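Please open the structure in your viewer and keep the selection tool at hand. The stops below each suggest something to select and then say what is there.

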Amino acid sequence: MSTFTTLDHLHMAHALRLAERGRFTTRPNPMVGCVIAHNDRVVGEGWHQRTGGPHAEVFALRQAGEEARGATAYVTLEPCAHYGRTPPCALALIEAGVSRVVAAMRDPFPKVDGGGFTLLREAGIEVAEGLMAAQARELNLGFLSRFERGRPWLRVKLAASLDGRTAMADGSSKWITGAAAREDVQHWRARAGAILTGADTVLADDPQLTVRLADTEVIPPLRVVLDSRLRSLECARVREGGAPTLYLHDASVSAPDAADAEFASVPSVDGRLDLAAVLALLADRGINEVHTEAGATLCGALLAGGWVDELLLYQAPTLLGEQGRPLLTGLGIHAMEQQRRLRLVDQRQVGDDLRLLLRPW
């Protein structure tokens with residue numbers, strides 16, 4: 001069991017903050033940060049900035065130069081041990097002459113998965129793992145979910161009044177929440193690999209579902225429309241805006257030839273697209289996080305099926321009345337003992353609205 005010092009914690013916390021800088025540009029790769037230090041003196045730091053580019057350790061070693069020799073490298077994820085788009089970071093650390101590597105956690109990617117630690121130890125480098133592992137896992141929940149569970153991390157975004165209504169009876173909902181909350185949603189979209197919606201939402205709102213963040217580098221998320229019968233194709237805004245679009249439909253439906261969208265069939269269960277198959281398909285495409293913006297039926301089906309990993313709920317200080325549309329449908333709750341309790345992970349005020357981040361127990 002490794003014993004970590006206060007200084008170890010300080011350097012790893014810094015590495016985690018560095019890693020988060022890549023949250024919009026590294027996918028499908030994980031976010032990784034690295035700090036190289038001699039005791040309390042930092043000689044190099046870096047983070048994985050974008051997929052296909054140098055890894056965090058490479059940036060930190062470049063900055064450290066010869067001062068990397070005999071230093072400790074703090075990395076938020078096990079250094080890679082394979083040749084991909086870049087050479088193995090474990091070999092780079094060995095060649096630079098670091099004497100110790102402290103890693104927050106092991107990398108579950110099959111081509112790494114302990115191999116980086118093995119290379120380092122075989123080269124005589126002291127390796128300690130597990131420092132601030134919970135924080136490191138939180139940073140890369142989607143990447144870890146894809147390799148540990150075979151599906152992306154799925155988030156459902158909802159906006160509701162105090163009485164739990166998402167729209168008026170006629171469907172009008174602009175705007176329940178304020179401008180600050182709507183701006184905040186853009187950051188959650190930006191970190192996702194895919195934005196998921198349903199045909200009913202496309203037909204009702206004709207949304208574009210793009211990321212709108214000024215002066216911020218973002219990899220446009222894949223827009224995924226669940227449309228078993230391809231009913232929503234005439235609503236074209238979801239195919240505009242410079243982001244890719246994928247329609248998932250029933251195998252019995254023939255997809256058209258279209259230059260502005262992809263089409264893929266998935267199995268159906270009881271007349272609806274199999275959500276397990278949908279998530280497996282997205283994982284195969286390298287999607288780490290799915291951000292869902294859809295209606296009460298699809299969101300309810302995802303929650304009822306146990307596919308929701310977290311709910312992002314914006315609650316506005318307003319009332320829409322009993323005729324308003326509900327937050328979720330199809331949960332099948334008829335008695336108190338059937339209630340679905342959620343764990344509050346975070347709450348904060350965003351403008352005039354309250355943002356709750358909740359996860360199922």
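Begin by selecting strand 17 (residues 342-350) together with strand 18, which run antiparallel and are joined by eight bridges; bear in mind, here and at every later stop, that this is a predicted model. Within this pair, Leu342 stands opposite Pro360 of strand 18. If you follow the chain from one strand to the other, you pass through a hairpin with two residues between the strands, and Gly351 in that turn has a positive phi of about 65°.

Keep strand 18 (residues 353-360) selected and look at its surroundings: the strand is mostly covered, with six of its eight residues buried. Now add strand 15 (residues 310-315), which is antiparallel to strand 18 and joined to it by five bridges. Here Leu313 has Leu356 of strand 18 as its bridge partner.

Stay in strand 15 and pick out Glu310, which lies in this strand. Is Glu310 buried or exposed? With a relative accessibility of 3%, under the 20% cut-off, Glu310 counts as buried. Its side chain and that of Trp153 are joined by a polar contact of 3.3 Å. If you leave aside neighbours within four places in sequence, the residues in contact with Glu310 include Trp153, Leu154, Arg155 and Val156, as well as Trp188, and also Leu357, Leu358, Arg359 and Pro360.

For a contrast, select Arg272, which lies in strand 13 (residues 272-273). At 51% relative accessibility, Arg272 counts as exposed. Leaving aside neighbours within four places in sequence, Arg272 is in contact with Pro267, Thr297 and Ala301. The C-alpha atom of Arg272 is separated by 21 Å from that of Trp153, and the two residues are 119 residues apart along the chain.

Next, select helix 6 (residues 141-148), where six of the eight residues are buried, so that the helix is largely enclosed by the rest of the structure. The buried residues in helix 6 are Leu141, Gly142, Phe143, Leu144, Ser145 and Arg146. Which elements do these buried residues pack against? Show helix 5 (133-139), strand 6 (153-160), helix 9 (275-284), strand 14 (289-292) and strand 18, and you will have the elements that the buried residues of helix 6 pack against. Just after the helix, Gly150 takes a positive phi of about 75°.

At the other side of this stop, look in the loop between helix 5 and helix 6, where Asn140 is found. Asn140 has a relative accessible area of 8% and is buried; not counting residues up to four places away in sequence, Asn140 touches Pro30 and Met31.

Now move to the open sheet of five strands, which are arranged in the order 2-1-3-4-5 with mixed pairing. Its edge strands, each of which pairs on one side only, are strand 2 (41-47) and strand 5 (126-129). Neighbouring strands of this sheet are turned by 15° against each other on average, direction ignored. Inside the sheet, select strand 3 (residues 72-75) and strand 4 (residues 100-103), which run parallel and are joined by four bridges; Tyr74 stands opposite Val102 of strand 4. Then add helix 4 (residues 115-122), which lies across strand 4 and strand 5 and runs at about 150° to strand 5.

Select helix 3 (residues 89-96), whose buried residues are Cys89, Ala90, Leu93 and Ala96. These residues cover an arc of only 130° around the axis, which puts them on the same side of helix 3. Among the elements that cover them are helix 2 (56-64), strand 3, strand 4 and helix 4. After helix 3 comes Gly97, whose phi is positive, near 85°.

Finish with the largest nonpolar core, which has 43 residues, and in which Met12, Ile36, Leu61, Leu93, Val98, Val101 and Leu120 have the most contacts. Helix 1 (residues 6-20) gives the most to this core, with five residues. If you select Leu120 and disregard residues up to four places away in sequence, you will find that it touches Pro79, Ala90, Leu93, Ile94, Val101, Ile125 and Val127. Apart from this core lies another, of 32 residues, including Val278, Leu279, Ile287 and Val308.

Key. Residues numbered from 1 in each chain as written. Predicted model: local features only at pLDDT ≥ 70, side-chain atom pairs only at ≥ 80, totals over all residues. Heavy atoms only, no water. Buried < 20%, exposed > 50% of the residue type's maximum accessible area, 1.4 Å probe, protein only. Pairing = 2+ DSSP bridges. Axes fitted to C-alpha atoms, helices over the stretch in contact; angles between N-to-C directions. Contact = heavy atoms within 4.5 Å. Arc of directions from axis to C-beta. Core = buried A, V, L, I, M, F, W, Y, C linked by side-chain atoms within 4.5 Å. Polar contact = N/O pair within 3.5 Å; in protein donor to acceptor, adjacent residues only side chain to side chain.
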